[in-house]
Amino acid sequence: MEGRIPDCHTLPDSALLHEMSIQSPTTLLELAGSSLLSDKSRAILDLEDLPIELFPPLFVEAFSRGHTEVLKKMVQAWPFTCLPLGALMRKPQLEMLQVALDGLDILCCGPRRRWKLQVLDLRRAPWNFWRMWSGAVVDACSPEDIKKNRTLKVGPAMAAKLPLKIFIDLCLTEGPMDEFLTHLFLWVIQRRDRLHLCCNRLKIFGKPTHHTRKVLRLLQLDSVQKVEVHCTWVPSTLATYAPFLGQMRNLRKLLVSQVHVPAHTSPEEQKWLLAKLTSQFLRMDCLQKFCVDAVLLLEGHLEQVLRHLKTPLEALSITNCPLSDSDWNYLSQCPNTSQLRHLDLRGIKLTNFSPVPLQILLEMVAATLKSLDLEACEITDSQLQAILPALSRCSQLRILCFFGNRISMSVLKDLLLHTARLSQLSRELYPAPLESYDSQGAIHPGRCSQLCAELTAILKEFRQPNILIFRTISCPQCGRMFLYNQGLLHCSCPTAA
């Protein structure tokens, strides 16, 4: 995007240094620092007396030139509480990790009177630390602290007593771990009494292996804030790992997908396995986002899951899951859904359900709801009409998605008349009218374009839409879809009508 400054972790190391150099005129201190770095042996000796504002730019320069001995000494003399090394790595670099860990080893074994470093951050988050030095002391160990440009008052004496923290974001797969993580974990295991391995974001893809359990035991689990499990697990496996979940007391987001129920599993066993998992929710004081996708175990047990949550949810996502009538009715009765900002029910077949629970839920969250996704829910005309009055009261709504539902032109007009005065709406995604298809279900592009233009004109009588898209279902010939956004994007299939 024009005028956008690229994040530091997306820049080559030399480009990052160049960017820093052109943002302000070169000072005498910077010139002195560059001269110091040109003589590596002298740089190693003079780090103790180096002005604090020269550490960040010199560290970036030494990193880009591969001056490993200088970097090792700079780690030991680092004057801030946090060293965000990961932001300088375009990809995991084993050599630089070894340099940093060697520096930490020497620091831990040496005199602690000048020890200020508390956090080695290996995450690749786009922090602004490396740009923020400007003569002022920048001490931070979290993105929030850096954003507020807040100095953390941690003296050497206190720093020497606190355990060193290493922050990483983890993505565990069925395959073997790479050399970077293997080296880090071995190093941590040998020094567990002196440091904490922290992980804010944990993702698991594929079936868990023996490495998965070892890694979870190595982590400081109360540091985990987001967990995503993307793999085909049977309930017994999920129950086995549930105790780890219970130790994540500061968890804010939990996403679980692809939990299948073996055919031989009895209803009693399903309930017991689910209870073993949901009982861990009682230990979570901070959970704000709960997401489940294709979790077949959920059917008939939604109340059992949601009632164990301790705090009101900010976001609830239940997608591609079969639900029972009792599940659907409980959604509007659950006290933990009364303050939702985001509701995602994609792929939940609602055709045979009463619209009343959704109507009640929308009325309950009308003052807080910001996004609503009902894509591919097989909503009927009558169901949609029933929830329109409640939907029109959602004054904070910014994103609305009805893609993939078969709705007639007359009901879509009614929908737009109800949402026309929702001034906060910035993204509106609607299905193309049923009249866009012929009697065989094939898409008629000309008719579709005309109808969508009429619907767009209705909305523009009240306000100018930001993102407004109408989409058809998949073309039976090629699988592509027609999109209308101020004009029709034609399907590539040559046989389309």
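Begin by selecting F55, F59, W78 and F80, which together form one aromatic cluster. The model on your screen is a predicted one, and the cluster is a good place to start looking at its aromatic rings, since the structure holds eight aromatic pairs.

For one of these pairs, select Y430 and F470, whose ring centres lie 5.8 Å apart with the planes at 35°, so that the pair counts as tilted. A pair of aromatic rings is described by the distance of the centres and the angle of the planes. Colour the strands as well, and you will find Y430 in strand β12 (residues 427-431) and F470 in strand β13 (residues 467-471), so the pair, with its members 40 residues apart, links distant parts of the chain. Both Y430 and F470 are buried.

A ring can also have a charge above it, and for this you should select R213 and Y241, where the charged end of the arginine sits over the ring of Y241, 5.3 Å from its centre.

Now zoom out to the whole chain, which has 19 helices and 15 strands, and in which 49% of the 497 residues count as buried. Among the contacts with a separation of 6 or more, 78% are between residues 24 or more positions apart.

Next, look for the largest nonpolar core, which has 135 residues, and select F59, I166, L170, L202, F290 and I318, the residues with the most contacts inside this core. Helix α6 (residues 94-109) gives the most to the core, with seven residues. In soluble globular proteins, nonpolar side chains tend to be buried together. Stay with F290 for a moment and display what surrounds this residue: leaving aside residues up to four places away in sequence, F290 touches L254, F281, V305, L306, L313, A315, L316 and S317.

Move on to helix α13 (residues 267-278), which has 12 residues and reaches 16 Å from its first C-alpha to its last, close to the 16 Å expected at 1.5 Å a residue. Which residues of α13 are buried? Select Q270, L273, L274, L277 and T278 to see them. Viewed down the axis of α13, these buried residues fall within an arc of 130°, and they therefore line one face of the helix. Turn the helix around, and the face directed away from the buried side carries the exposed residues E268, K271 and W272. The elements that cover the buried residues of α13 include α12 (235-246) and α14 (302-306).

Helix α16 (residues 356-364) can be examined in a similar way, with P357, L358, L361 and L362 as its buried residues. They cover an arc of only 130° around the axis, which puts them on the same side of α16. Their cover includes α15 (325-331), β9 (342-344), β10 (371-373) and α17 (381-391).

While you are in α16, select M364, which lies in this helix and is partly exposed, with a relative accessible area of 32%. Apart from neighbours within four places in sequence, M364 is in contact with S332, T337 and S338. If you also select C394, you will find that M364 and C394 are 30 residues apart in sequence and 9.5 Å apart in space, C-alpha to C-alpha.

For the last stop, go to strand β4 (residues 195-205) and select N200. Is N200 buried or exposed? At 15% relative accessibility, N200 counts as buried. Not counting residues up to four places away in sequence, N200 touches R123, F167, I168, D169, S223, V224, Q225 and K226.

How values were computed: Residues numbered from 1 in each chain as written. Predicted model: local features only at pLDDT ≥ 70, side-chain atom pairs only at ≥ 80, totals over all residues. Heavy atoms only, no water. Phe/Tyr/Trp six-rings, centres within 6.5 Å; stacked < 30°, edge-to-face > 60°. Helix = DSSP H or I, 4+ residues; strand = E, 2+ residues; numbered from the N terminus. Buried < 20%, exposed > 50% of the residue type's maximum accessible area, 1.4 Å probe, protein only. Lys NZ or Arg CZ within 6 Å of the ring centre and 35° of its normal. Core = buried A, V, L, I, M, F, W, Y, C linked by side-chain atoms within 4.5 Å. Contact = heavy atoms within 4.5 Å. Arc of directions from axis to C-beta. Expected span 1.5 Å × (residues − 1).
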